[in-house]
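Reader: I am new to this structure and should like to learn how its features are read. Might we look at it together?

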Amino acid sequence: MKEFIIVGIGSFFGGGLRYAVGRIVGVGTSTVFPLSTFVVNIVGCLLIGMLSTIALRQGWLTPTMRLLLITGFCGGFTTFSTFISENVNLCSSAHQLMSLAYMSASIIVGIVAFWLGCMIIKIL
């Protein structure tokens, strides 16, 4: 039960931050491309890369902190379901090319961001 609460606390703050970033990125943006979700997911990949690398270093992150930060916070911050929903909406509104660009960029830039997060921690 303790672990469930820890993940829930992390998810609460990650989800709240996702909403805030979405509002900030969405201000003045009038494009078909779902920029807010893209930014959140790429930043999330960077954070998960950094936190995963920190977790691998002995004693840097306890199992409880991993639950709080990686599973809870990053899980609440990033959003695969919104990513899927936005792609379906793009396809059904005759923006198939934009959907393909969004999916490709999300995967490629997400992997690069995760790798970059790992490298940042290894350099420190």
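Reader: Which polar atom lies 2.9 Å from the backbone oxygen of Cys-74?

Author: A polar contact is a pair of N or O atoms within 3.5 Å; within protein, one must be able to donate a hydrogen and the other to accept it, and residues adjacent in sequence count only if both atoms are side-chain atoms. Here the partner, 2.9 Å from the backbone oxygen of Cys-74, belongs to the side chain of Thr-78. This is a predicted model, in which local features need pLDDT of at least 70 and side-chain atom pairs pLDDT 80 or more, while totals for chains, interfaces and linings use all residues. Residues are numbered from 1 along each chain as its sequence is written, and side-chain values use heavy atoms, without hydrogens and water.

Reader: Where does Thr-78 lie, and what is it in contact with?

Author: Contact means heavy atoms within 4.5 Å. Thr-78 is in the loop between helix 3 (63–77) and helix 4, helices being DSSP runs (H or I, at least four residues) numbered from the N terminus. Leaving aside neighbours within four places in sequence, Thr-78 contacts Arg-18, Val-40, Asn-41 and Gly-44.

Reader: Is Gly-76 buried or exposed?

Author: Buried means under 20% relative accessible area, exposed over 50%, partly exposed in between (1.4 Å probe, protein chains only). Gly-76 has 10% relative accessibility and therefore counts as buried. This residue is part of helix 3. Not counting residues up to four places away in sequence, Gly-76 touches Ser-11, Gly-14, Gly-15, Arg-18 and Thr-71.

Terms used: Helices (H or I, at least four residues) and strands (E, at least two) are DSSP runs, numbered from the N terminus.
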